[in-house]
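Reader: I would like a close look at one strand and its surroundings in this model. Walk me through its partners, then the packing around it.

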Amino acid sequence: MPLLRGAWVWGALACALPVQAEESRVSSVQQLAPGVYAAIGQNSEPTPQNRGVVGNQGIIIGKDGVILIDTGTSARHMSDLIAAVGCLTSKPIVLAVNTHQNPAFVFGNGTLALQGVPILAHHDVAALIAQRCQKCLKKLNDVLGADEMDGTRVTVPTRTLDGATTIDVAGRQLDILYYGHSSSAGSIGVVDRESGVLFAGGLVSIGRIPDAKDAHIATWLAALQDIKARKPSRIVPGEGPVSSVAELDGLSGYLTALESLVNQTYKAGISLGRLDEFSQLPEFQQWPLYETAHKKNVEQQYLQLERRVLDDQS
């Protein structure tokens, strides 16, 4: 049954949206379990063509309301997500969770805040949004255009947590997974206990080069092992298709190869200026964002290692 023009939802759905001049930014919504949905973005970098919709969001419908996992790239993106929620239920949105600070996951916060919806995140993510997101917003305005980003503002989460916990919201129990500084500072996952679906945020990307610029790779790899051991029924990654735990091996393989490459180049005395010559990982060249994100990952991980060595020597 069609949810929006060009999109499909699997499951019972009754919705009659007015014809709009442009397609909704929520172009793919998948039902994963009763009351549990994922809105899937494009597996690419933000461009005017995809309107910056490159991350995934979660929709969990409880007895008394709706929980959103991540809030998208812009006020307009969030408005379209709210419309999609309205196709699924008449219940109000009662909470949104920011799993990490990436701009494709936090810039719908302002739209929700205007409606009185609280935003929850790890306190490190709230701090990063306050520190970085004005610069991120300017960059998105440059890439996507002021019209696409109209009404978008930086909004810091109003509720914070400092570790793994379980929360009860709208009749759903949500397990918040936190492993320390892993894929980034404050990165969390959210497990809907009833369905077993994991909304992994920045902890997981599938079939593409992940954003590992700020990552602590050893902690991230340990987090992925814990996620595998938990055996979630489905994994909604921050980017990429809905997956099973088997697909985590690809991400673990990339992170292991990245860490090894950086260690080898540093020990060989290769300077930062020559990294490009030695940073290739041919087995991952077909993944989206290889030409852009991989280079940044190598550079930033190299700088991290250099700082650790200098700190150890001081």
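**A strand and its neighbours**

Author: Start with one pair of residues: Phe199 stands opposite Val236 in strand E12. Keep in mind that this is a predicted model. Phe199 leads us to strand E11, which spans residues 197–205. E12 covers residues 234–239. E11 and E12 run parallel, and five bridges join them.

Now the other partner. Strand E10 covers residues 188–192. E10 pairs with E11 in the antiparallel sense, over three bridges. Here Val191 stands opposite Leu198 in E11. E10 and E11 form a hairpin, with four residues between the two strands. Gly196 sits in that turn and has a positive phi of about 80 degrees.

How covered is E11? It is mostly covered: nine of its nine residues are buried, that is, under 20% relative accessible area.

Step back to the sheet. Five strands form it, in the order E8-E9-E10-E11-E12. The sheet is open, and its pairing is mixed. Its edge strands are E8 (165–169) and E12, each of which pairs on one side only. Neighbouring strands are turned against each other by 25 degrees on average, direction ignored. Helix H4 packs on this sheet. H4 touches E9 (172–178), E11 and E12. The direction of H4 makes about 160 degrees with that of E11.

H4 also belongs to a crossover. The helix covers residues 217–230. Together, E11, H4 and E12 make a β-α-β unit, and the unit is right-handed. In a regular strand, side chains alternate between the two faces of the sheet.

One helix pair rounds off the tour. Two packed helices are described by the angle between their axes and the distance between the axes. Helix H5 takes in residues 248–267, and helix H7 residues 290–313. Their axes come within 9 Å and cross at roughly 55 degrees. H5 and H7 are therefore oblique to each other. Their crossing is right-handed. On the H5 side, the contact is made by Tyr254, Leu258, Leu261, Val262, Asn263, Thr265 and Tyr266. On the H7 side, the contact residues are His294, Asn297, Val298, Gln301, Tyr302, Leu305, Glu306 and Val309.

Back to E11, then: antiparallel to E10, parallel to E12, and touched by H4.

Methods: Residues are numbered from 1 along each chain as its sequence is written. This is a predicted model: local features need pLDDT of at least 70, side-chain atom pairs count only at pLDDT 80 or more; totals for chains, interfaces and linings use all residues. Side-chain values use heavy atoms; hydrogens and water are left out. Buried means under 20% relative accessible area, exposed over 50%, partly exposed in between (1.4 Å probe, protein chains only). Two strands pair if DSSP finds at least two bridges between them. A crossover is right-handed if, with the strands pointing away from the viewer, the path from the first strand over the helix to the second runs clockwise. Axes are lines fitted to C-alpha atoms, for helices over the stretch in contact, and angles run from 0 to 180 degrees between N-to-C directions. Angles under 35 degrees count as roughly parallel, over 145 as roughly antiparallel, 65 to 115 as roughly perpendicular and the rest as oblique. A crossing is left-handed if the near helix is turned anticlockwise from the far one by less than a right angle, and right-handed if clockwise. Contact means heavy atoms within 4.5 Å.
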